[in-house]
Structures are given as structure tokens and as C-alpha cells.
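Colleague: Could you take me through one part of this model in detail? I would like to look at how two of its helices meet, and then at the sheet.

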Amino acid sequence: MSLLRAPEVATPRAIAGILAVFYLVGGTAGLLITWGSHTPGTARTVMVAMSVSALLSALVVLRWGRRWGRNAFHLPIGSASALIGTGVLLSPDAGTAVATAALVAFTVMDAVLLFNLFVAAVHTLLALSGITAALLVQSDVALPTALALDAVVVALAVATRVLVIRASDASRDPLTGLTNRRGLDEELRHLLADLPRDGVRLSAALLDLDHFKAINDTRGHEAGDEVLCRVADDWTRALPHDAVLARHGGDEFALLLPGFTGPAALELVRRICAEHPGVRMSVGVAEHQVGDSAAQLMRRADQALYAAKAAGRGRCELDGATEGSRDLARDLALAVAAGRIAVHFQPIVELRSGTVVGVEALARWTHPELGAVPPLEFIGVAEQHGLIGALGQHVLHSACAQLTALRRQSGRTLRLGVNVSGLELCDPGYPERVAAVLEETGWPAEEVVLEVTESLLEADSEVAVAALHTLRGLGIRVALDDFGTGYSSFSRLDTLPVDVLKVDSSFTATITSSVRRAQMLRSIVDLAGALGLDIVAEGIETADQADLLRSLDCTFGQGWLHGRPMPLPVLAAELAARPVPARRLAVSG
């Protein structure tokens, strides 16, 4: 029943304000009662001290109470009841005692506002029992009078409880029991109002369940509701007490994390996602920046969520609007425009002969002040700041131009592998730009392999898959990169627009130590052969791995054993010392 739970509208921030007001009013009332009564000297001094303590407590609760967890309020509420009971005992007459006892209504209302029904009832029972006993100690107060006061306080508590629960329902999602969008907006407004005073960080995240529609369509809406409730329960248990988790609508949740920087919030959501792999989701995270409104913060979280989906779903991405990221993005944009992004080439070999049959083009950036920037870092910045299209086109153009020059000089033609981002494939103009680069550089489309991640194709973006079909129509081949780390089923391999499977390096690393992994790789090789797909094993670092891959009939390989990424002049020297290839990569049509 709704009356049993803790009211959602009574957040620590709200109850701190209410409790501070009650302390302020109670302290003031105590001073007035003391002033208007004939309290003896010592008792008068004690009552004045308690009233002043209540006033000081109001300041403490108002200043720091909003940071407390719900359980921390047991102490101030219980202490207030004890102060009132002491005041009743020190009262010089029945009228003063009853007036002082009436202040217990404040502590009882605090309890019913903040706690669940059982805890609130315990607070109420203890407070009224103590006050009633104190009143009866006063010889002039009759039991009916004390019970009448108790009845009035209980009636106020019940009315308050009903009203606050109804108010809570207006800000609560009826299915999951979480705050709804209305309640989220209110919480965010309060948090933003507190930021200038508290000086703390604030991050927001949007969580979207991947392929939730498929659950509803195949298993029914009841199954979908169960998934939503399970996500709400799992995340509520894993989050800090001051986090705000809300159902944003449909299969989307929103999260507010006071005290968290963007990177810390990203680490938290990634950890929780890893702890609950049964429900796959995409998450976008954004950190509040000075001057951000609530709408701007959530818009940036939504942009990060879009980036996570475009990159293949099942990912957690951080919005790049931090000052350091903006500076790096500015420098990256200048480097791309000036052609200062280098392209290195890592050999792909035919495992039987060791002959180089292709290369993978990899971007490298040396910042004038920071030195070599890791590719994962600057590629992430490029995706977050809308630079990935320009970066990808530069890498493709540079790689094609360099290999064209190499072919003219040596007569050697290599198949060129180029990584493509999900954001690029989701751009309707991407196939045209690729075709333009190939025409300008004179590099044949048949010698290009675009490498996309398994999770990107699993995302089933209609625009991305359509772009791949268009590119294949030009003669370009498509490789499924990092195969073995995503969620695609083997049954989909004959329907996906791919020509090559690139087995992930984490898979290759374990084949010499795990018999099952080796057997699985044998199955993948056999299935790929039946489907007319080539296999490239990534991350080959030892001769034992290469020997085992050859015994499993894996045709092509790539890794440090066969060559690290290198500039073109070094590659040309390497090729001069190796034989001309006998078999080409991805020759199947």
C-alpha cells in the first residue's frame, strides 16, 4: 500500500527545510512560553537554554541537513521530542505544560513526512508516550487532557500522511516506484539552485534499454514491465543514497549524481552496467558546466546517449563539453585541418607464408605540448565534438594517397583496411564522400575494406546498414571488427553486409591456454568458410599463437608478431624484404 512507504516528496532537502522551520518555531515558542510563565529561576534558565539550542539547531539543519541521508534525521527528530518532554517537566503550571507539549506535533509531523509508516509510527508512539508521561507528572494535568492532546496530534499526523503520499504519487512512476519526469525536474531544479552555494559537482545520465521493443513484441508487455522493475531495483540498490533515479519515460531512465564529476559518474554507471549484464543498455553522461540550465545539462546527456547508440549500443559515453576536452577538440580540429594527423599501417599477413597481403590504417596524433595522444582518447573527443567525419575522411584520403604512391613505386598493391565510426555510417552523405576520396586518389574500391564493430551492426541502425550496402555496391568490402566480443548470433552472419570476420585480440590471446577457446575458433573458421567469409585473427603476439591459428586453418593474421603500426617508409622497407602475396584478402564477391 502507498501509505506504508516513505513519501518521495519528503527528500532530505525538503525535510531539512521543514525541520529547520519547526526547530525555529519551536525555539521561538519556547522563549515566548518561558517569558509568559512564572518559571522558577533554574528551570527558567534551562528552558531558555533549550529554546536557544532549538534555534541553533534550526541553523545547523538548514545549512547541512540537505546532505544527510534519510536515516540521519532520526537523531534531530528524536532529540526534539526529548527537548519538548524536558520542557513539559520543567513547566511551572498545567497551562504552560500543555502549551509546551503541543510542540510535539512538529516532531510527529516530521516523522510521518520522512519515514515509512512503521518507522513513523514508532517515532509517534515514543514521542506521545514521553509527552503523556511528562504531562501526568504535572499534578494539575488530568489524563483525559493528555489523551485529548494525543488524539489531536495523531489526527494531524494522519491527515499529513495522506496528503503527502498523494503529493508523492503525482511525482512517482506507478510501475517502478521511481521518481517520474515531473519529480526529476523538481529535483534537478533544487540541485542546480544549491550548486553556487555548495560548490559541489553535479552529473546527469540518461539510460536507454537496448532492443526493449523486441522484448515487448516477443515476450509480451508483462515481461517488459518486469525488466523495467528489475532495472529500477538493481540500480536503486547500487547507487549512492543521494542519487536521484527516475523513469524518464518508456524504456528510458534518468539519473542525477550530486558530488560526481563526469568521469566519476561514467565510471559508476559502467561499473553498475557490468554488474548487471542481463539487461543491456546504452548510457549517456554529462557533467554540469558553469552557466548550464537544467535543459542544457539534460540535452548534453542526451547527445552522449545518442553517441553511445550510434557507436553500437551497449556502451556508456561521456559528453565532451568539459574545458579540457574542449581544448583538446580545438587542437584536434586544427591538426586535422592542417593535415598533422599521421597515418600508420599495420601489416595483415597470410599465415601460411607470412606474406603481407594487406594493411590496416591507424591514426596517430602527436600534440605539440602533450606529446603522443592515445587513439582512444582523441577518437573519443572527435566523436563527442563532431570531428569524427573530418578525421575519418582525412585518414581515408591519406591512406589511399600513400598506398597509391607505393603502388606506383613498387608495383605492390595491398588491401587497405580502414576503421569507420558508427557516427560516420549514420551520416547519409558518407558513401558519397568515400566514393569522392577514391576517385580523387585513384585507389580502387575493390582494394578497400571498411572495418565496423560487431556491436555497431548489432545496433541495427537502418541508416548504417543501408550505407554499408551502398558501399559494397561500389565494390568496397566490409569487415566485422572485434568479432567475439559482441552479442551477434552466428545465425545473422549470412544476413549482415560483411565479407571478413576479424577475431578480437582478447579471443586470440587465450587460444593457447584454453582448449575450449581453440575449439570455438575452429567452429568460427568452419562457419565463415561455409558462408564465404575470410577470417583475420587480431592480436597475434607469439609464435605459438600463430602456429595454432595455422593448424586451425585460419588464413590471415595481424599483430605485433607480424609487425606493429608503422609509417609508410618503414612499411615499404618491410615489404621489400618479403615475397609478393599469393592470395588476396577478401577476394570473395
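Modeller: Start with helix α15, residues 388-410, and helix α23, residues 568-576. In this predicted model, their axes come within 11 Å and cross at roughly 35°. The crossing is right-handed. Now look at who touches whom. From α15 come Gln402, Leu403 and Leu406. From α23 come Leu568, Ala572 and Leu575. Sort the residues of this contact by type: 5 are nonpolar, 1 is polar and none is charged.

Next, the sheet. Five strands make up an open sheet. Read across, their order is β2-β3-β1-β4-β5. The pairing is mixed. Find the edges: they are β2 (244-249) and β5 (316-318). Each of these two has a single partner strand, so one side of each is left without a neighbour in the sheet. Neighbouring strands are turned by 20° against each other on average, with direction ignored.

Zoom in on the β5 edge. Here β4, residues 281-287, pairs with β5 in the parallel sense. The pairing runs over 3 bridges. Pick out Gly284: its bridge partner in β5 is Glu317.

Last, add a helix to this picture. Helix α12, residues 294-310, lies across four strands: β1 (202-209), β3 (252-258), β4 and β5. Against β4, helix α12 runs at about 140°. Keep β5 in view as you finish. This strand stands at an edge of the sheet, pairs with β4, and has α12 lying across it.

Terms used:
Residues are numbered from 1 along each chain as its sequence is written. This is a predicted model: local features need pLDDT of at least 70, side-chain atom pairs count only at pLDDT 80 or more; totals for chains, interfaces and linings use all residues. Side-chain values use heavy atoms; hydrogens and water are left out. Two strands pair if DSSP finds at least two bridges between them. Axes are lines fitted to C-alpha atoms, for helices over the stretch in contact, and angles run from 0 to 180 degrees between N-to-C directions. Contact means heavy atoms within 4.5 Å. A crossing is left-handed if the near helix is turned anticlockwise from the far one by less than a right angle, and right-handed if clockwise. Ala, Val, Leu, Ile, Met, Phe, Trp, Tyr, Cys and Pro count as nonpolar, Asp, Glu, Lys and Arg as charged, and the others, Gly among them, as polar.
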